[in-house]
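Colleague: Before I trust words like "core" and "cavity", I'd like to hear what stands behind them. Can we go through them together?

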Amino acid sequence: MSPLETSSSLSFRSATAQPSAVIDVGTTSIRMAIAEIEDDGRVRHLSSLSQAVSLGKDTFTRGFLEKSTIEECVRVLKSYRRVLAEYGIETPEKVRLVATSAVREATNKLAFLDRVYTATGFQVVPIDEAEVNRITYLGIQPLLKRDPKLTDARTVVTEVGGGSTELLQVQNADVLFAHTYRLGSLRIHQTLENYQASQSATRRLMETQIQRVIDQVLQQVPAESTQEMVALGGDMRFAARQLVPEWDPDRLTRIPVKRLADLTDAVLSLNEDKLVHKYHITFPEAGTLGPALLAYTMLAKAFDLKEVIVASINLRDGLLNEMASRGGWNEDFSNQVIRSAYDLGRKFEFDELHARQVSKLCGILFQGLREEHQLDPRYELLLRVAALLHEVGLYISTGAYHKHSMYLIQHSELFGLSRSDVQLVALTARYHRRASPKPTHTVFTTLSRDQRIAVVKMAAMLRVADALEASHSQRLHELKFSREGGRLVIAIPQVEDLSLEQLALKQSGSLFEATFGMPVLLRKFRP
């Protein structure tokens, strides 16, 4: 068992800020960060803890988590719970626990989650690749904004984790590309653990595995399109400590690729015992250090870069930033999701002007009907994305195109949206016309009750917005709402003839009435 690693700054506690914590159940360790979150959203770190576990070793070799490993995780989380109590953090909303690929891919994932909850009261949430990309963006975004050189450049942000590699390409705070690859330092290490061969042969096998993924990366992010590379993760922080005198983890650090390659060669020339002795690291770290550094080096060379920038940003930073925004999605992040939806729509040759107008009207409806729908603010973004993509199914066929829209959205990636969120967007688009949800619609019935209700409410508003844009002329820019005699009245200023919109609303407004208990009446606005 590895000793508990911890750092703390208790003497600087704020009198007004609220302490919160995030816990990351990773492939090789369970890490916790405790911070104070000010009312204005500022985050100040108080303490961090880390303890090694063998989750990834179990999952990537056997496919499931051993009972002993699960119990070790329970022991670690119980010890973390005691630390949280010392900080006065005892309510669930002040703690967020997430798990990455080692738990997500385990065949006994549910047994692990149930055992942890039974023993500790902690609800661990496995997050998918899209959520990791979103959280990484939230963590790195403030740093990119502070550096003008990085803001203007096309920058790849990457982290080689134990089970997977996250890669984002950003420019001017816009996410141009985001994807997760099944390339992890622990996966590579486990593949080679029983491989009896010379150091040179072992390295060639590692290089082959890494190059196969790099070839995929270059198909999607051409080498000439990248000007900078920001590397995250503990292995690159190790490299910075070794190569940069008086390294300051609070600053961006540039490392020449040549020096990183030399360090990689030195690490790969030593076995795990010698690495532990020379660099004073743990055995789990020693097993994954070489493959990770080799992946970073090869990726930098593939992009023909002379330097790599090291940033001390991690998953927990992004989680804390998310908590600081009170669990909501800030404007910058929402803009990235919308941008991703536009990119997907253009791929399927959608009517961009119409989609933009319907999305705009959905936003107006969402804000004007908050008393009726009572949905969390995050659903406004999902509704607007569904509105942008509700007609992409026309790319396949005009017949039953709403079903084609659902299929295309379901099988596409939208930056920052989890698979669950994408499913909600797809279903909302599917129900923007014709049949309402039925018990025979299997995808819909697999949702939780709250999700089903949210989909119906969003689809009802989408139908109204689509009817208001029946002319495809983008001529409605303002809606005024009132409630009269059990009806929702929408008044439209500066438009004389509303006959087309009224007809469309009559044909598609039944879902809104069934959902919210009131019909919609459209009329010209009279001051």
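What follows is a short chat about the insides of this model.

Modeller: Bear in mind that this is a predicted model, where local features need pLDDT of at least 70, side-chain atom pairs count only at pLDDT 80 or more, and totals for chains, interfaces and linings use all residues. Residues are numbered from 1 along each chain as its sequence is written, and side-chain values use heavy atoms, with hydrogens and water left out.

Colleague: What makes the largest nonpolar core a core?

Modeller: The name fits because its members are buried Ala, Val, Leu, Ile, Met, Phe, Trp, Tyr and Cys residues joined through side-chain atoms within 4.5 Å, where buried means under 20% relative accessible area with a 1.4 Å probe and protein chains only. This one has 85 residues, with Ile 140 and Phe 512 among those with the most contacts inside it. Helix α21 (residues 449-468) gives the largest share, 12 residues. Apart from it lies another core, of 46 residues, including Val 217.

Colleague: Why is the space of about 70 Å³ called a cavity?

Modeller: Because on a 1 Å grid over the protein atoms alone, a 1.4 Å probe fits there but cannot get out. Its lining includes Val 160, Tyr 181 and Val 217, and α8 gives the largest share, three residues.

Colleague: How do you know how nonpolar the lining of the largest cavity is?

Modeller: Ala, Val, Leu, Ile, Met, Phe, Trp, Tyr, Cys and Pro count as nonpolar, Asp, Glu, Lys and Arg as charged, and the others, Gly among them, as polar. That lining divides into nine nonpolar, one polar and no charged.

Terms used. Buried < 20%, exposed > 50% of the residue type's maximum accessible area, 1.4 Å probe, protein only. Helix = DSSP H or I, 4+ residues; strand = E, 2+ residues; numbered from the N terminus. 1 Å grid on protein atoms, 1.4 Å probe; cavity = no way out; pocket = protein on both sides within 12 Å on 5 of 7 lines; lining within 4 Å.
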